[in-house]
Amino acid sequence: MTTQVQTLPRLDPHFIYGFDALGTLAFGVALLFTAAPLTELAVWALPSGFLWVLGLLLVPWAAFNLWIARSGRPSRVVVAVNIIGDVIWVAGTAALLAIHATGLSSLGLALLVGQGIAVGGILALKLIGRNALVG
């Protein structure tokens, strides 16, 4: 008797970095152009310049993700730096929630939690595909 085992298809880890590059670029540009009104809508205690600077930092981060996505076999160090960056982002989001959650509007809270969950999900996929990416 033969037992067949069906496995799920593996997602190419390069795709995750490409997807992250697009999302990061879109989010960064959105923050650059909407920092002031978004700060008001979120009832954010920090100045709108904080969101603008985050948007500015996300543009080269998107390029870094795209570079990894297009690299055949990026080095373990490069992938580790990228993963550490995502961990720092999620930890920073948690810290901002702990400090500012009670002062945010419902929309601001939803946006902060939502982007943190999104980055956490991408981070999880990067961790799953890490060994396949670097060989």
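**Helix packing and nonpolar cores**

At a relative accessibility of 16%, His100 counts as buried in this predicted model, since the limit for a buried residue is under 20%. His100 is part of helix 3. Residues up to four places away in sequence set aside, His100 touches Ala45 and Leu46.

Helix 3, which spans residues 76-100, packs against helix 2, residues 48-70. The axes of helix 2 and helix 3 lie 11 Å apart, and the packing angle is about 155 degrees. Helix 2 and helix 3 are therefore roughly antiparallel to each other, an assignment that applies to angles over 145 degrees. Their crossing is left-handed. On the side of helix 2, the contact is made by Phe50, Leu54, Leu58, Trp61, Phe64, Asn65, Trp67 and Ile68. Helix 3 contributes Val78, Val81, Asn82, Gly85, Asp86, Trp89 and Leu96. By residue class, the contact of helix 2 with helix 3 comprises 11 nonpolar, three polar and one charged. Val78, one of the helix 3 residues in this contact, is in contact with Phe64, Trp67 and Ile68 when neighbours within four places in sequence are left aside.

A further packing pair is formed by helix 1 (residues 13-42) and helix 4 (residues 106-134), whose axes come within 11 Å and cross at roughly 165 degrees. Helix 1 and helix 4 are therefore roughly antiparallel to each other. The crossing of helix 1 and helix 4 is left-handed. From helix 1, the contact involves Pro13, His14, Ile16, Tyr17, Phe19, Asp20, Phe27, Leu38, Leu41 and Ala42. The helix 4 residues in this contact are Leu107, Gly108, Leu111, Gln115, Ile122, Leu125, Lys126, Gly129, Ala132 and Leu133. The contact of helix 1 with helix 4 divides into 14 nonpolar, four polar and two charged residues.

The largest nonpolar core has 10 residues, namely Tyr17, Phe64, Ile68, Ala69, Val78, Val79, Ile83, Leu123, Leu133 and Val134. At least two residues of this core are supplied by each of helix 2, helix 3 and helix 4. Another core, of six residues, lies apart from the largest one and includes Leu38, Leu51, Leu54 and Leu58. Members of both cores also take part in the helix contacts. Phe64, Ile68 and Val78 of the largest core belong to the contact of helix 2 with helix 3, whereas Tyr17 and Leu133 of that core belong to the contact of helix 1 with helix 4. From the six-residue core, Leu54 and Leu58 are part of the helix 2 and helix 3 contact, and Leu38 is part of the helix 1 and helix 4 contact.

Notes. Residues are numbered from 1 along each chain as its sequence is written. This is a predicted model: local features need pLDDT of at least 70, side-chain atom pairs count only at pLDDT 80 or more; totals for chains, interfaces and linings use all residues. Side-chain values use heavy atoms; hydrogens and water are left out. Axes are lines fitted to C-alpha atoms, for helices over the stretch in contact, and angles run from 0 to 180 degrees between N-to-C directions. Angles under 35 degrees count as roughly parallel, over 145 as roughly antiparallel, 65 to 115 as roughly perpendicular and the rest as oblique. A crossing is left-handed if the near helix is turned anticlockwise from the far one by less than a right angle, and right-handed if clockwise. Contact means heavy atoms within 4.5 Å. Ala, Val, Leu, Ile, Met, Phe, Trp, Tyr, Cys and Pro count as nonpolar, Asp, Glu, Lys and Arg as charged, and the others, Gly among them, as polar. Buried means under 20% relative accessible area, exposed over 50%, partly exposed in between (1.4 Å probe, protein chains only). A nonpolar core is a set of buried Ala, Val, Leu, Ile, Met, Phe, Trp, Tyr and Cys residues joined through side-chain atoms within 4.5 Å.
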